[in-house]
Amino acid sequence: MSDLSRRAFLAGTGLALVAKIAWAAPKAGVVAPAFTATDTSGKAVSLGDQRGKIVVLEWTNHDCPYVRKHYDTGNMQALQKEATGQGVVWLTIISSAPGTQGYVNPREADELTATRKAVPTAVLLDPTGVVGKMYGATNTPHMYVIDKAGTLMYAGAIDDRPTTRRGDVQGAHNYVRDALQAVAAGQPVKTPVTRAYGCTVKYA
């Protein structure tokens, strides 16, 4: 699909992407970009320190209706619990800039985690957007799966239902779950890249 056709498709669906970020996104099968970000407790969390573990990166914005769909139904929390229960490191990342939709301070982020009963390994704050742009994260939610060797194995949507309807969670094909199962079994991910859907990441 040409850039022009891709942009026309996105405009028609209302899922606008930030082109200058999207085209620079790392491809599945390459080494995941190294980064260090600060979690809500002020601790520096490095991707390199997770070597030897499967890692999920989840870009989020609590005010985005697409994100709310997955949290209000408990879908995201269930996937987090399932993954972390198997030793997966789940890093939820907030790249909303100060003054934009989805921006939160550490206390507010912790309150969201508690009230939504979310169970990520850590919530990382990326208000400058450095990590988000490094990964070409364009939407919330935007999901990535990294294997134990640090290779990016999946990038894209959480599932195949790009809507805000809560009822669409049931019966949706969950790409992240499939990717995690394949990586854990040492098998190739059947669908390594999909088009992320949701609200645009609110970069500065």
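A residue is called buried here when its relative accessible area is under 20%. In this predicted model, tyrosine 135 falls under that cut-off, because its relative accessibility is 0%. Phenylalanine 35 is likewise buried, with a relative accessible area of 4%. These two residues make a handy starting point for a walk through the fold.

Taken as a whole, the protein has 204 residues, and buried ones make up 51% of them. Its secondary structure consists of 7 helices and 9 strands. Contacts across the sequence are a notable part of the picture: among those between residues at least 6 apart, 74% join residues at least 24 apart. The surface that the protein exposes comes to about 9500 Å², and carbon and sulfur atoms supply 53% of this area.

Turning to the aromatic side chains, the count comes to 6 aromatic pairs. One of these is formed by phenylalanine 35 and tyrosine 135, in an edge-to-face arrangement with 5.9 Å from centre to centre and 85° between the planes. Phenylalanine 35 belongs to the loop between helix H2 (19-22) and strand E1 (36-39), while tyrosine 135 belongs to helix H6 (residues 130-135), so their pairing ties together parts that lie 100 residues apart in sequence. Both residues also take part in one aromatic cluster, made up of Phe35, Trp59, Tyr135 and Tyr144. Elsewhere among the rings, the face of tyrosine 71 has arginine 116 lying over it, at 3.8 Å from the ring centre.

The strands bring the description to the sheet. Seven strands form an open sheet with mixed pairing, in the order E2-E1-E5-E4-E3-E7-E8. Strand E2 (44-46) and strand E8 (152-156) stand at its edges; each has a single partner strand, so one side of each is left without a neighbour in the sheet. From one strand to the next, the twist averages 30°. At the E2 edge, E1 and E2 run antiparallel to each other and pair over 3 bridges. Within this part of the sheet, threonine 36 stands opposite serine 46 in E2.

A helix joins this arrangement as well. Helix H4 (residues 75-84) packs on the sheet, where it touches strand E3 (55-59), strand E4 (89-94) and strand E7 (142-146). The direction of helix H4 makes an angle of about 140° with that of E4.

Definitions and conventions
Residues numbered from 1 in each chain as written. Predicted model: local features only at pLDDT ≥ 70, side-chain atom pairs only at ≥ 80, totals over all residues. Heavy atoms only, no water. Helix = DSSP H or I, 4+ residues; strand = E, 2+ residues; numbered from the N terminus. Buried < 20%, exposed > 50% of the residue type's maximum accessible area, 1.4 Å probe, protein only. Contact = heavy atoms within 4.5 Å. Areas by Shrake-Rupley, 256 points an atom, 1.4 Å probe, with all protein chains shown as cover. Phe/Tyr/Trp six-rings, centres within 6.5 Å; stacked < 30°, edge-to-face > 60°. Lys NZ or Arg CZ within 6 Å of the ring centre and 35° of its normal. Pairing = 2+ DSSP bridges. Axes fitted to C-alpha atoms, helices over the stretch in contact; angles between N-to-C directions.
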